[in-house]
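These are my notebook entries on a structure I went through by lookup. The sequence and the coordinates come first, then the entries.

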Amino acid sequence: MACISSSTAAASYSALSFLGRQQNYAAKLYANHPRLSFTGHVNLDCFNLRLNSTSRRAFTSYCSLNPVLNALSSFDGASQQRVVVLVIGGGGREHALCYALQRSPSCDAVFCAPGNAGISSSGDATCISDLDVSNSSDVISFCHKWGVGLVVIGPEAPLVAGLSNDLGKAGILAFGPSSEAAALEGSKSFMKSLCDKYGIPTAKYQTFAEASEAKEYIKQQGAPIVIKADGLAAGKGVTVAMTLDEAYDAVDSMLVGGVFGSAGSQVVIEEYLEGEEASFFALVDGEHAIPLESAQDHKRVGDGDTGPNTGGMGAYSPAPVLTKDLQTEVMESIILPTVKGMDAEGCKFVGVLYAGLMIEKKTGRPKLIEYNVRFGDPECQVLMVRLESDLVQVLLAACRGELNGVSLDWSAGSAMVVVMASEGYPGNYKKGTVIQKLDEAEQVAPSVKVFHAGTALDADGNFIATGGRVLGVTAKGKDLQEARDRAYQAVEQINWPGGFFRRDIGWRALPQKQYSR
């Protein structure tokens, strides 16, 4: 009989104890899931095991000597007290959510559909790449088959399409608003009309479907001015026009050229607000709301906040611009009136409200720029590495209408994420470029985590870029300066000639230094 060391046995027992708590689920998963190896060794990532490398080697060694299902059957499972979670999406936001969920004491296992290569390789979730998340019936069948007790919907498109509605009808708890409530993001004109009706401070605006009328309004208002596609445009439907000609061109591209399809069949034209942007997040259960920590992102592609808008090139938390007094004001004047207004309109909002704010330079007061109905990306990354509460329990409380009285715990200090993007983004960019030395990046400091937004593996096992925004290199520190230093040290470790990044993330909060590319 083969022998194993006491340290190996201890590590193996620890690992098996984790599996023992989810005996019924793990046995079923291992025996039936088509993606898992059934050749006498254990694919640890499929069990979402939270093990260091020594424990992983020990567990694999131990299980090579003991049939897995027999080992599992010797433990009393308690899976009924823990929750299997399915995360919908495959970007950096979803990777951060998986990372936070798998650390939750009440989480049994995490699936992510479709996920990406980085999420799968990290062990933060089991990725189900062939689950059609646009087909509610397929998602519901998967949830029933694998005992999923909570679905967390990351991107906006499935929310607007009604996935949360369909899951609710099937008796599956879903964190994310109904399609009706998701109109807060899906239709900017809907959001603006709600603000008008319930006295929520926002920029003055008009909505147009005819280019000639829109241009006449622009001529009357003058530049700078903001033109927005009414519907979802993957974060690219906003033009901050500094001249009249630039504004006219934006109107023509949307209403005449149809660059955003039906999403641009109407445009919202807003006054230009001068000040500092900030992101404010609140969890909502339909009637109550609790704030998350503050965060601030960088939308422009270039250093010094220059160039075209992107989905976000970096973020940090907390955001000094959002003082405690301002956070209280945002809750009282923007978030809570929105929650009450949506309830009054007959479409209760359950999920996360992401308010894009402008802290006006001339007044110092917050105004609502836009709502998103999901966690921001890349703000989610810095929030999730700082969150210390059990995320599963918090999201379940929101789904059940039980947020009143809930409070969240956050780590002290700051966090920063630096986004690495493919050269050419947000325009045309090349796919398939090789990325190396990601492990070295995470070894810069224990607080460094690389979240994957758009990666795959090539035939040689190398990570390759498949999207515009590809990596979110995230770090924590005792203050923003330390978090920044660690994040950029990690970025410098990564070998990716086909990528680029901004070198000045956090510059507004660290005005004493000048950062240049």
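Which residues of helix H11 (residues 188-198) are buried? I worked on a predicted model and found Lys-188, Ser-189, Met-191, Lys-192, Leu-194 and Cys-195 on the list of buried residues in H11.

Entry 1, surroundings of H11. I looked up what the buried residues of H11 pack against: helix H10 (183-186), strand S6 (205-208), strand S7 (225-229), strand S9 (267-271), H14 and strand S17 (366-372). I then checked the position just after H11, where Gly-199 takes a positive phi of about 65°.

Entry 2, nonpolar cores. H14 came up again when I turned to the largest nonpolar core. That core has 52 residues, of which Leu-86, Leu-167 and Ile-335 touch the most other members. Helix H14 (residues 324-344) gives the most to this core, namely seven residues. I noted a further core lying apart from it, with 47 residues, including Val-83, Cys-112, Ile-119 and Phe-175. As background I recorded that nonpolar side chains tend to be buried together in soluble globular proteins.

I listed the contacts of Leu-86, leaving aside neighbours within four places in sequence. Among them are Phe-111, Cys-112, Ala-113, Leu-131, Val-139 and Phe-142. The list for Leu-86 also includes Cys-143, Val-148, Leu-150, Val-151 and Val-152.

Entry 3, Thr-310. I located Thr-310 in the loop between strand S14 (306-309) and strand S15 (314-317). Is Thr-310 buried or exposed? Thr-310 counts as buried, because its relative accessibility is 2% and the cut-off for buried is under 20%. I looked for polar partners of its side chain and found two backbone atoms. The side chain of Thr-310 reaches the backbone oxygen of Lys-299 at 2.6 Å and the backbone nitrogen of Gly-312 at 2.9 Å. Not counting residues up to four places away in sequence, I have Thr-310 touching Gly-235, His-298, Lys-299, Arg-300, Val-301, Tyr-425 and Pro-426. Lys-299 therefore appears in my notes both as a contact of Thr-310 and, through its backbone oxygen, as a partner of the Thr-310 side chain, which is itself part of a residue that counts as buried at 2%.

Entry 4, cavities. I searched the whole structure and obtained three cavities of 30 Å³ or more. The largest has a volume of about 50 Å³. Its lining consists of Gly-92, Asp-377, Gln-381, Val-419, Phe-451, Ala-453, Arg-469, Leu-471 and Gly-472. By class, I sorted this lining into four nonpolar, three polar and two charged residues. Strand S23 (residues 469-477) supplies the largest share of the lining, three residues.

Key. Residues are numbered from 1 along each chain as its sequence is written. This is a predicted model: local features need pLDDT of at least 70, side-chain atom pairs count only at pLDDT 80 or more; totals for chains, interfaces and linings use all residues. Side-chain values use heavy atoms; hydrogens and water are left out. Helices (H or I, at least four residues) and strands (E, at least two) are DSSP runs, numbered from the N terminus. Buried means under 20% relative accessible area, exposed over 50%, partly exposed in between (1.4 Å probe, protein chains only). A polar contact is a pair of N or O atoms within 3.5 Å; within protein, one must be able to donate a hydrogen and the other to accept it, and residues adjacent in sequence count only if both atoms are side-chain atoms. Contact means heavy atoms within 4.5 Å. A nonpolar core is a set of buried Ala, Val, Leu, Ile, Met, Phe, Trp, Tyr and Cys residues joined through side-chain atoms within 4.5 Å. On a 1 Å grid over the protein atoms alone, a cavity is a set of points where a 1.4 Å probe fits but cannot get out, and a pocket is an open set with protein on both sides within 12 Å along at least five of seven lines; lining residues have an atom within 4 Å of a point. Grid points are joined across faces, edges and corners, and a volume is the space filled by probe spheres set on the points. Ala, Val, Leu, Ile, Met, Phe, Trp, Tyr, Cys and Pro count as nonpolar, Asp, Glu, Lys and Arg as charged, and the others, Gly among them, as polar.
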